[in-house]
Amino acid sequence: MAEKRKKKLGIKQRYSMLTRGLGWDTTYQDMDKVFPYDNYEGIIIHDWEGWEDPFRLTMDAYWKFQSEKEKKLYAVIDSFAQNNGHLGITDARYVNALKLFLTGVSPLEYQAARGFTHVGRQFRGVGPRVACQMQAIDELRHVQTQIHSMSHYNKYFDGLHSAPHMHDRVWYLSVPKSFFDDARTAGPFEFLTSISFAFEYVLTNLLFVPFMSGAAFNGDMATVTFGFSAQSDEARHMTLGLEVIKFMLEQDERNIPIVQRWMDKWFWRGTRMLALVAMMMDYMLPKRVMSWREAWDIYFTEAGGALFADLARYGIKPPKYADIATKEAEHISHQAWHIFYNYTHAAAFHTWVPGKEELDWLSEKYPTTFDKYYRPRLEYLDKEEKAGRRFYNDTLPMLCQVCQIPMGFTDMDDPTTISFEVSEYNGDKYHTCSLGCKDIFDYEPAKYVQAWLPVHQIYQGNCGGAEVPDVLKWYNFNLGADNLEYNGSPDQKLWDEWQAHRKKA
Amino acid sequence: MSVASIGKYEFEPLDKVENFHGNQLTYFNWEQHLLFCAPACLPLPPEMPFAALVQEVLPGVYNKHPDFQEINWDEVTWTLDQEDFTPDMGKSLADNGFGHKSLLRFWTPGLDGIEGSHS
């Protein structure tokens, strides 16, 4: 007699079979040999089953869910292209934020896919392994959909044609690139602390939200739609970040100081990278969302404060130098924009002095600092540009050994004096921009002496030639189109023609 | 502290002085003149006289600033690698104590930058 067909599995059972049920303990080989990477960092795990799956999602449900989102996204991208959506943005200056995003951030999604693929193999616990594998696929999807969403702009605007090539070579893109290289070359637990926790959980609202709401405010529906499509993924990523922290902290109290040090390090590296977002918010969006200062107060001081209050029961303190980072929120966007204004002849996007109303907005948002330190300089630069003497800095800058940003940040208690730190290691000097970066260097000098600092590489002759134009060609720039001041750029000319045409019509 | 690693972790620094074709990296910063957003970095021969640095190198870096022509070089104060420093104009950079990746900072009294904003 035929056996009775079994009933369909219940959700809980099915979930367990499709995640935990897929793992096994090896018998021919020692588990430590099969998973050699998950204990050398010093993190002690007693019970991998203690991992609480933050999202009860199985691979089959994941595929179905993602493909639905994909269909919607590509319908919007198509209609954006067919309806000349680029004509609906507030101003062509806005596209420079996209150039920065596509060259600086989208390649990080790919780096994240590589990182999560790696750690998704390396944990012996099935729970974190499955979570990391799904996130790896998400990240791959994000880089693809970002490229597809923004590719429409590449038909009309300069500087969008070689993002991955530029990411590996261009001086300012070494800032995000080295951030991820640092994370991916760490062990799996540090990788998750850096990317899933510090970046995705603590700081993501300061990266993703400003870019996406900036897109919405400035009429860029393609990017907004991508943002919506990624949102549910991001929610999952954040949950993973918090879960991994709680897992490490609950497993053994000897993990606490290691986790604390990683939080301190990756918080600081994250805030350095966010200087790019700060200047985007305060300078690059023709229609502003909120100031960097306001975003910091809401998303870090308030939201981050609540998070660290919650983690205090594990013995975790707020990140070291959070107080300095909060002081920096007053200055960092202006200082970062000034760096790019100095060197925009060597950048794949344009810079400009904000118009009078925009300067007034900055004066209002930064009442105690902007008029005192930054406005006179911007007005001088504007005057020079209008007189045909657009200021560019002709000498390559000194870079920080850790964050790789030109040393343009000041002492926050003395905003007219550059902050300098230095360490000695094996007889050589290593300069850093801040105590945060110096601490990172001093803890693992053998790692950071290998930093590929773009300025030093140019002087060693490794970047296409001795003259700046040779280097820029090696970067794959179209000289005179991708780089230089916005006023007079081909982007601006094209935009002005469209506007004139529209008026006539 | 050494790097936590799965094996031996020893790598060459990327910026050893030998990699700069006989030059050494030198960093400069004109203090309180933040029109130049960051200190400058140049590879210079260690045998270059300090006077050549002042007369030939610094103008190339800084002469776009309206204050630069106003500098009275006799009044300038210097630090080399964060120590007070009195340069000997006739001696070479090396004999003045410059090493690879030395940092030279200088202050120009009475000059406060664009509109007194230290830019």
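**Exercise 1. Take stock of the polar contacts between chain B and chain A, then describe the side of chain B that touches chain A.**

Solution, step by step:

1. Between chain B and chain A, 22 residue pairs are in polar contact, both residues at pLDDT 80 or more. A polar contact here is a pair of N or O atoms within 3.5 Å; within protein, one must be able to donate a hydrogen and the other to accept it, and residues adjacent in sequence count only if both atoms are side-chain atoms.
2. On chain B, the elements giving two or more residues to this side are β1 (24–30), β2 (40–44), α1 (50–62) and β5 (102–107). Helices (H or I, at least four residues) and strands (E, at least two) are DSSP runs, numbered from the N terminus.
3. With 4 residues, β2(B) gives the most.

A word on the input: this is a predicted model, in which local features need pLDDT of at least 70 and side-chain atom pairs count only at pLDDT 80 or more, while totals for chains, interfaces and linings use all residues. Side-chain values use heavy atoms, with hydrogens and water left out.

**Exercise 2. How many salt bridges link chain B and chain A?**

Solution:

1. The count is 2 salt bridges, each a side-chain nitrogen of Lys or Arg within 4 Å of a carboxyl oxygen of Asp or Glu.
2. One of them joins K64(B) to D394(A), with the closest N and O atoms 3.0 Å apart.

**Exercise 3. Is L359(A) buried or exposed?**

Solution:

1. Start with its place: L359(A) lies in helix α16 (residues 356–365) of chain A.
2. L359(A) is buried because its relative accessibility is 5%, and buried means under 20% relative accessible area (1.4 Å probe, protein chains only).

Definitions and conventions:
Residues are numbered from 1 along each chain as its sequence is written. Chains are lettered from A and ligands numbered from 1 in the order in which they are written. Buried means under 20% relative accessible area, exposed over 50%, partly exposed in between (1.4 Å probe, protein chains only).
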